[in-house]
Amino acid sequence: DFASFISVLGDNVGGFAHDIHIRGNHMYDSAYPGDGVVMQRIYINVLDVRDAWVQRNHLENGGRIKVGRPGRRIYVTHNIVDTINDNGIVCVNTGAGVGDLITEDLHIEDNIIINPFTSGIHCIVDGQTGTGDLITRRVFIERNIVTGCWNSIGIHAVLSEQAEDIFIRGNQIILTCTTRLADIGIDVNRQDSATAPSQNIVVEDNLIEERNTAVFSVAGLRVSTTGGMLNGSIKNNKVPSNTIRLDGGVVAGGPWTFTRLEVIGNTAQRITTINNPVFADLDMHSNNLQGTSAGNNGIIDLITTSVISGVIRDNRVKQLGAGEGIRIASDNVTCPNHVVHIFRNTDTPAMTAVVFAGCATQAVTASRVWNLGDSFPHVTPVRWLFGSASLTFDLSGAGITCVARTIAVTGATTGTSDGVVPSYPIAALGAGINCTM
């Protein structure tokens with residue numbers, strides 16, 4: 001057993017290694033063919049480096065590729081990493097409080113990772129406990145294929161305290177077996193101590209598939225906003241049999257805010273939240289959401305204790321079972337004053353389209369008639385405001401004349417499943433709106 005087959009170690013304080021080229025090598029453990037032997041963790045090890053190319057190597061049965069810690073201008077491209085006993089490709093930084101703590105211009109592109117034991121690609125911070133002085137800029141994780149079985153995550157990016165211009169694009173994550181309990185296809189997470197907003201985080205054009213009854217236990221795609229996120233983009237990802245989850249972060253100081261987040265053109269079963277994220281200037285449109293046969297409370301399901309502001313429009317929300325299409329709910333006693341424009345969303349005819357719920361002092365249910373993509377297809381933005389004992393509808397729009405007013409919550413009620421918080425049928429609300437085409 002060797003610590004590594006090829007090892008190039010610079011000195012973060014005294015001097016970095018420079019101009020390292022590792023190309024065209026075939027490395028394997030002949031004693032353990034196909035077993036992913038735990039004795040061998042690393043085949044190629046290039047640390048504290050600037051200007052390094054690890055390209056067109058073929059690694060089998062044991063060791064991984066590990067680069068950076070920290071590094072600049074690193075290119076890990078066109079490698080095959082097959083049956084590895086840990087993460088397939090690793091580029092992380094731990095931060096020791098001395099020397100250069102910057103990782104930038106990192107390219108992990110066009111690699112094939114097969115049957116990694118833990119995760120396919122793990123990068124940026126080594127675990128959740130990175131130090132607060134780490135800086136990461138311009139990371140490109142693009143056009144990689146992670147396939148087979150693994151125990152954790154296909155692509156795992158743990159963003160450092162200062163992180164900007166992170167691009168995860170055009171990758172294929174294909175889980176093919178149930179012998180290991182994979183959690184997530186692509187996970188954009190954050191070190192637990194982060195307090196500064198990450199900036200320009202782009203997750204686009206990725207394919208995340210589950211085959212042969214394999215299932216990601218947490219989500220197909222998860223994006224966390226621990227410390228905050230400014231200018232995020234989740235676009236055109238295909239997660240046909242699982243969920244896109246937006247995470248507010250669980251560490252002290254949260255819930256954290258997504259500021260100017262775009263969620264556009266994705267295919268998934270649902271878009272959901274966890275840990276009460278805050279949304280400022282959310283743009284969620286043109287997503288194709290399939291639902292599940294079992295039904296769900298909210299195909300678009302945004303649950304938070306804080307304010308949501310933004311637009312939810314032009315989404316195809318298909319509910320195959322029982323439950324709402326769009327649900328905006330609160331874990332708080334009093335509903336916050338959301339300002340959300342919801343229009344031109346389509347759904348199946350039998351379901352409730354938009355629900356505001358979850359508050360002990362107020363729970364207002366708006367049925368399909370208020371989802372203007374169905375009843376009033378030419379309307380422009382609709383504003384929904386709530387936070388007291390009334391709900392205000394602003395129904396102004398092209399071709400429609402409306403008298404907008406505050407509607408008192410009156411009339412017969414029906415109990416929800418918990419028998420405590422009431423919901424209100426459309427009949428109790430309809431008299432307060434007067435619209436003509």
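Here are some questions and answers about this predicted model.

Reader: What is the average pLDDT of the protein, to get us started?
Author: Let's start with confidence, since this is a predicted model. At least 70 is the score reached by 67% of the residues. Taken over the protein, the average pLDDT is 75.

Reader: And which residues have pLDDT under 50?
Author: There's a stretch where the score stays under 50, although the model still has 174 contacts there beyond four places in sequence. Where pLDDT is low, the predicted coordinates should not be read in detail. The stretch to handle that way is residues 359-437.

Reader: Which strand gives the most to the largest nonpolar core?
Author: That core has 75 residues, and Ile44, Ile65, Leu221 and Ile312 touch the most other members. In soluble globular proteins, nonpolar side chains tend to be buried together. With 6 residues in the core, the top contributor is strand S4 (residues 42-55).

Reader: Ile65 came up there, so which residues is Ile65 in contact with, leaving aside neighbours within four places in sequence?
Author: Ile65 is one of the core residues that touch the most other members. Once the neighbours within four places are set aside, its contacts are Ile44, Val54, Leu59, Val76, Asn79, Val81, Gly88, Ile89 and Val90.

Reader: Okay, salt bridges next: how many does a search of the whole structure find?
Author: One of them pairs the side chains of Arg169 and Glu142, with N to O at 2.5 Å. Another has Arg211 and Glu209 as partners. Searching the whole structure gives a count of 15.

Reader: Is Glu142 buried or exposed?
Author: Buried means under 20% relative accessible area. Its partner Arg169 is at 28%, so Arg169 counts as partly exposed. Glu142 has 8% relative accessibility, so Glu142 counts as buried.

Reader: How many residues apart are Arg222 and Asp187?
Author: These two form a salt bridge, with the closest N and O atoms 2.8 Å apart. Arg222 sits in strand S20 (residues 219-224) and Asp187 in strand S17 (residues 184-190), so to speak distant parts of the chain, and the separation is 35 residues.

Reader: Is Arg211 buried, exposed or partly exposed?
Author: Arg211 forms a salt bridge with Glu209, and their closest N and O atoms are 2.8 Å apart. Partly exposed covers the range between under 20% and over 50%. Because Arg211 has 39% relative accessibility, Arg211 counts as partly exposed.

Reader: Last one: which residues do salt bridges that share partners join into one network?
Author: Salt bridges can share partners here, linking several residues together. The network's members are Arg72, Glu104, Asp105, Arg137 and Arg138.

Key. Residues are numbered from 1 along each chain as its sequence is written. This is a predicted model: local features need pLDDT of at least 70, side-chain atom pairs count only at pLDDT 80 or more; totals for chains, interfaces and linings use all residues. Side-chain values use heavy atoms; hydrogens and water are left out. A nonpolar core is a set of buried Ala, Val, Leu, Ile, Met, Phe, Trp, Tyr and Cys residues joined through side-chain atoms within 4.5 Å. Buried means under 20% relative accessible area, exposed over 50%, partly exposed in between (1.4 Å probe, protein chains only). Helices (H or I, at least four residues) and strands (E, at least two) are DSSP runs, numbered from the N terminus. Contact means heavy atoms within 4.5 Å. pLDDT is the predictor's confidence in each residue, from 0 to 100. A salt bridge is a side-chain nitrogen of Lys or Arg within 4 Å of a carboxyl oxygen of Asp or Glu.
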